[in-house]
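Here are a few short exercises to work through at your own pace. Have a go at each task before you read its solution.

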Amino acid sequence: MGAAFVDYSVTLRGPLNEADASVDTAVPTLGFRVDYEIGPRTHLSLKSDALYFETGDEKLEGSFDNTTLEWRAVRNVVLGLGLDRLAVDAAVDDGDWRGQVSDFYRSTRVYAGLRF
């Protein structure tokens, strides 16, 4: 259990009207994290957080997922591969306008780091 400090804005446009919605608050999250030493020099980390926030006419739900695999090349130097995913669904129903949007982001990263 935790909190994500979210600053998320969305503009929904139709042919005749437009609605803006934004969330700028701490949103409660429920998640898990697993750290596993595959071998003496290899480490796997899985982390996932789900969030849900709803007011009278706005709703935001989504998840943050992060996976990393690190290999310790020498004592304090690691080489890593990371996968990140962000999925957000936002909806607005303010009486004059009703709509929703789904936002999805995924990335892969290769990196070198220092660990002390």
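**Exercise 1: Arginine 98**

Arginine 98 touches Val92 and Asp93, leaving out residues up to four places away in sequence. Keep in mind that this is a predicted model.

Task: work out whether arginine 98 is buried or exposed.

Solution. Start with where the residue sits: arginine 98 lies in strand S6. Next, take its relative accessible area, which is 68%. The cut-off for exposed is over 50%. So arginine 98 counts as exposed, because its relative accessible area is 68%.

Then try a distance: how far apart are the C-alpha atoms of arginine 98 and aspartate 84? These two residues are 14 residues apart along the chain, and their C-alpha atoms are separated by 31 Å.

**Exercise 2: Serine 107**

Task: decide whether serine 107 is buried or exposed, and find what it contacts.

Solution. First, place it: serine 107 is in strand S6, which covers residues 98-114. Its relative accessible area is 18%, and buried means under 20%. So serine 107 is buried, because its relative accessible area is 18%.

Now for the partners. The side chain of serine 107 makes a polar contact of 3.3 Å with the side chain of tyrosine 105. Setting aside neighbours within four places in sequence, serine 107 is in contact with Gly82, Leu83 and Asp84.

**Exercise 3: The nonpolar core**

Task: find which strand gives the most to the largest nonpolar core.

Solution. This core has 12 residues, among them Val6, Tyr8, Val27 and Val88. Strands S1 (2-13), S2 (18-39) and S5 (77-93) each supply at least two of its residues. S1 gives the most, with five residues.

Notes:
Residues numbered from 1 in each chain as written. Predicted model: local features only at pLDDT ≥ 70, side-chain atom pairs only at ≥ 80, totals over all residues. Heavy atoms only, no water. Core = buried A, V, L, I, M, F, W, Y, C linked by side-chain atoms within 4.5 Å. Buried < 20%, exposed > 50% of the residue type's maximum accessible area, 1.4 Å probe, protein only. Helix = DSSP H or I, 4+ residues; strand = E, 2+ residues; numbered from the N terminus. Polar contact = N/O pair within 3.5 Å; in protein donor to acceptor, adjacent residues only side chain to side chain. Contact = heavy atoms within 4.5 Å.
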